[in-house]
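Biologist: Please take a close look at the nonpolar patch on the surface of this model. Set it in the context of the rest of the chain, and state the criteria behind each term.

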Amino acid sequence: MKHLVMIDAVEMAKLAKEGIQEAHEQLTLCSQELNQPISYSESEEIIKQMMELTVHQAVCEKALETINKFIKENKYIFN
């Protein structure tokens, strides 16, 4: 059971890293879209999406930080 908890923590860390990377990639694409000639309403939508992506990225970063702390604190207990 103890090993399953650590395996789950490692998997969660991988998911958090993927979330951070995906948000970063989407933010880059959104920035590129904003550099194109687009309508005001389109730019508003892109900015709204960027705000959501920024929040998502921050949540994933906090989750990764917490998971890594858990893994470090419990590595020796579970081995």
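**The nonpolar patch and its surroundings**

Modeller: Ile 47 is partly exposed, because its relative accessibility is 43%, where buried means under 20% relative accessible area, exposed over 50%, and partly exposed in between, for a 1.4 Å probe and protein chains only. The model is a predicted one, in which local features need pLDDT of at least 70 and side-chain atom pairs count only at pLDDT 80 or more, while totals for chains, interfaces and linings use all residues. Residues are numbered from 1 along each chain as its sequence is written, and side-chain values use heavy atoms, with hydrogens and water left out.

Ile 47 sits in helix H2, a helix being a DSSP run of H or I with at least four residues, and a strand a run of E with at least two, both numbered from the N terminus. Together with Leu 34, Ile 38 and Met 51, Ile 47 makes a nonpolar surface patch of about 330 Å². Patch members need over 30% relative accessible area and no salt bridge, with nonpolar side chains (Val, Leu, Ile, Met, Phe, Trp, Tyr) joined within 5 Å and like charges within 9 Å; the areas are Shrake-Rupley values with a 1.4 Å probe, and for residues only the protein chains shown count as cover.

One of the patch residues, Ile 38, is touched by Glu 33, which also touches Ile 46 when residues up to four places away in sequence are not counted; contact here means heavy atoms within 4.5 Å. Glu 33 belongs to helix H1 and is partly exposed, because its relative accessible area is 41%. Between Glu 33 and Glu 45, which are 12 residues apart along the chain, the C-alpha separation is 11 Å.

To place the patch in the whole, the chain has 2 helices and 0 strands, and its C-alpha atoms fill a box of roughly 55 × 15 × 15 Å along the principal axes. The radius of gyration is 18 Å, whereas a compact globule of 79 residues would have one near 12 Å; the radius is taken over C-alpha atoms, and the globule rule is 2.2 Å times the number of residues to the power 0.38. Of the 79 residues, 25% are buried, and of the accessible surface of about 6,200 Å², carbon and sulfur atoms hold 60%. Among contacts with a separation of 6 or more, 70% join residues 24 or more positions apart.

The buried counterpart of the patch can be described in similar terms. The largest nonpolar core has 9 residues, namely Met 6, Ala 9, Ala 13, Ala 16, Ile 20, Cys 60, Leu 64, Ile 67 and Ile 71, a core being a set of buried Ala, Val, Leu, Ile, Met, Phe, Trp, Tyr and Cys residues joined through side-chain atoms within 4.5 Å. Helix H1 (2-34) and helix H2 (40-78) each give two or more residues to this core, and H1 supplies the largest share, 5 residues. Apart from this core lies another, of 5 residues, including Leu 27, Cys 30, Met 50 and Leu 53.

Ile 20, beyond its neighbours within four places in sequence, is in contact with Gln 57, Cys 60, Glu 61 and Leu 64. Gln 57, a residue of helix H2, counts as buried because its relative accessibility is 14%, and outside the same four-place window Gln 57 is in contact with Ile 20, Ala 23, His 24 and Leu 27. Leu 27 and Thr 54 are 27 residues apart in sequence, yet their C-alpha atoms are 7.7 Å apart; Thr 54, in helix H2, is partly exposed because its relative accessibility is 42%.

Charged pairs complete the picture, with 2 salt bridges counted, each requiring a side-chain nitrogen of Lys or Arg within 4 Å of a carboxyl oxygen of Asp or Glu. In one, the closest N and O atoms of Glu 11 and Lys 14 are 3.6 Å apart, and because these residues are 3 apart in helix H1, about one helical turn separates them. In the other, Glu 65 pairs with Lys 62 at 3.4 Å between the closest N and O atoms, again about one helical turn apart, since they are 3 residues apart in helix H2. Lys 62 counts as partly exposed because its relative accessibility is 48%.
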